[in-house]
Amino acid sequence: MYHAKKKGNSYLFFNDTMNRQAVKRLQIENLMRFGLKEDHFEVYYQPKMNIRTGKFTGMEALVRFITPKKGIISPGVFIPIAEETGQIIEIGEVVLNKACRDVKAWLDAGLFNGRVAVNLSAKQFSLPDLTTRIDVILQNHALPSYFLELEITEGTVMDDPQDAIAIMRSLSARGIHLAMDDFGTGYSSLAYLKQFPLNTLKVDKAFIDDMQTERGRNMVDSIVTIAHNLDLHVVAEGVEQADQIAILEELNCETMQGYYYSKPLSRIEFTEFLQKQQNQAALSLVQQA
């Protein structure tokens, strides 16, 4: 049935391959249900760095599904199923809760003073009480909205642009920053893009990987130029090589995240990372004095 739907509501004969995939899908669905009950979803953090100064500016919260018996389940495996089943709503709330909790702790410890970016799924974005849910989470952790950035994919907002504009304005009015993720991978309309109350545009990894070609480099240059003309901050994601950083700096991209600088870190690892950043900043001040 799922295969037939993906092919546009056609018909297909059931076969062994489909059976194996259906069984695997059901197993993942049950694992997620159990994982939500037993708190097996963790939040890891990937630092964002200023390209020119090399200084830490913020981070993205990324969900990790760590099971006792099967270990880490890849996001590429469980997230599509979670979106189909609607479990992504509960998973998204777990991530938002834990990210706000952790950021508040780092703020109170004097280790952090930037924003954490949290992904909003399409199903979360379409919830009629989305803003209320976010308000409650921020209040529960006593976290000012300034420290939260929500990442929304291009495909999500283009499903119903007018409705998306109203929701985004409501979030923006609360002081929450908004970023468009995966920009350029869907079908953005520039007419709508200028109406979205965005703060940040994220350049998808696919474009970063293609910068070795002149056409690929020009594509990133065009995206950065559009963003700057709309007074938006630009983040390049999936940066893995030094020559990519050199090109991005030349193109006036402000911020990068990716494995070149750091893999996603657990809460404990990220606390150590923040402490190291603080020590380096203190040492730099002493040397300047």
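**The enclosed cavity**

In this predicted model, the count of cavities of 30 Å³ or more comes to one. Its volume is about 50 Å³. To display the walls of this largest cavity, select Ile89, Glu93, Leu96, Leu120, Gln124, Leu127, Leu130, Arg133, Ile134 and Ile137, which line it. Next, colour helix H4 and helix H6 (residues 130–140), since each supplies at least two residues of the lining. Which helix gives the largest share of this lining? The answer is H6, with four residues.

Keep Arg133 selected and add Asp129. The side chains of these two residues meet in a salt bridge, with N and O 3.0 Å apart. Asp129 is partly exposed, at a relative accessible area of 31%, and Arg133 is likewise partly exposed, at 29%.

**The largest pocket**

Move now from the cavity to the largest pocket, whose volume is about 950 Å³. Its lining is made up of 35 residues, and those nearest the centre are Glu60, Leu62, Ile79, Asn119 and Asp181. Selecting these five therefore brings the viewer to the middle of the pocket. For the surroundings, colour the elements that give two or more residues to the lining: strand S2, helices H3 (75–85), H4 (87–108), H5 (122–125) and H7 (154–159), and strands S4, S5 (148–153) and S6 (177–183). Of these, S2 gives the most, with five residues.

**Strand S2 and its partners**

Select S2, residues 56–67. Is this strand largely enclosed or largely open? Of its 12 residues, 10 are buried, so the rest of the structure largely encloses S2.

Three other strands can be added in turn.

- Strand S1 (residues 41–50) pairs with S2 in the antiparallel sense over nine bridges. One place to inspect is Tyr44, whose bridge partner in S2 is Leu62. S1 and S2 form a hairpin with five residues between them, and in the turn Gly54 has a positive phi of about 75°.
- Strand S3 (residues 71–73) is also antiparallel to S2, with three bridges. Here Thr67 has Gly71 as its bridge partner in S3. The hairpin joining S2 to S3 passes through three residues.
- Strand S4 (residues 115–120) runs parallel to S2 and is joined to it by four bridges. Glu60 has its bridge partner in S4 at Ala117.

**Arg64 within S2**

Select Arg64, which is in S2. Arg64 is buried, yet it has no salt bridge. Where is the nearest side chain of opposite charge? It belongs to Glu60, which is 8.6 Å away. Show the residues in contact with Arg64 as well: leaving aside residues up to four places away in sequence, Arg64 touches His40, Phe41, Glu42, Tyr44, Pro75 and Pro264.

**Salt bridges**

The structure as a whole holds 19 salt bridges. Side chains of opposite charge can pair when their charged atoms come close.

Begin with Glu151 and Lys48, which form a salt bridge whose closest N and O atoms are 3.8 Å apart. This pair links distant parts of the chain, with Glu151 in S5 and Lys48 in S1, 103 residues apart. Are these two residues buried or exposed? Glu151 is buried, with a relative accessible area of 1%, and Lys48 is buried as well, at 7%.

Extend the selection to Lys48, Glu60, Glu149, Glu151, Lys202 and Glu237, which are linked in a network of salt bridges. Glu60 will already be familiar as one of the residues nearest the centre of the largest pocket.

Then select Asp102 and Arg101, whose side chains meet in a salt bridge at 2.9 Å, N to O. In this pair Asp102 is buried, with a relative accessible area of 5%, whereas Arg101 is partly exposed, at 37%.

**A last stop on helix H13**

Finish at Gln275 in helix H13 (residues 267–288). Gln275 counts as partly exposed because its relative accessibility is 37%. Add Ala109 to the selection and display the C-alpha atoms. Gln275 and Ala109 are 166 residues apart in sequence, while their C-alpha atoms are 9.9 Å apart in space.

Terms used:
Residues numbered from 1 in each chain as written. Predicted model: local features only at pLDDT ≥ 70, side-chain atom pairs only at ≥ 80, totals over all residues. Heavy atoms only, no water. Buried < 20%, exposed > 50% of the residue type's maximum accessible area, 1.4 Å probe, protein only. Lys, Arg positive; Asp, Glu negative; His and termini not counted. Salt bridge = Lys/Arg side-chain N within 4 Å of Asp/Glu carboxyl O. Contact = heavy atoms within 4.5 Å. Pairing = 2+ DSSP bridges. 1 Å grid on protein atoms, 1.4 Å probe; cavity = no way out; pocket = protein on both sides within 12 Å on 5 of 7 lines; lining within 4 Å. Points joined across faces, edges and corners; volume = space filled by probe spheres on them.
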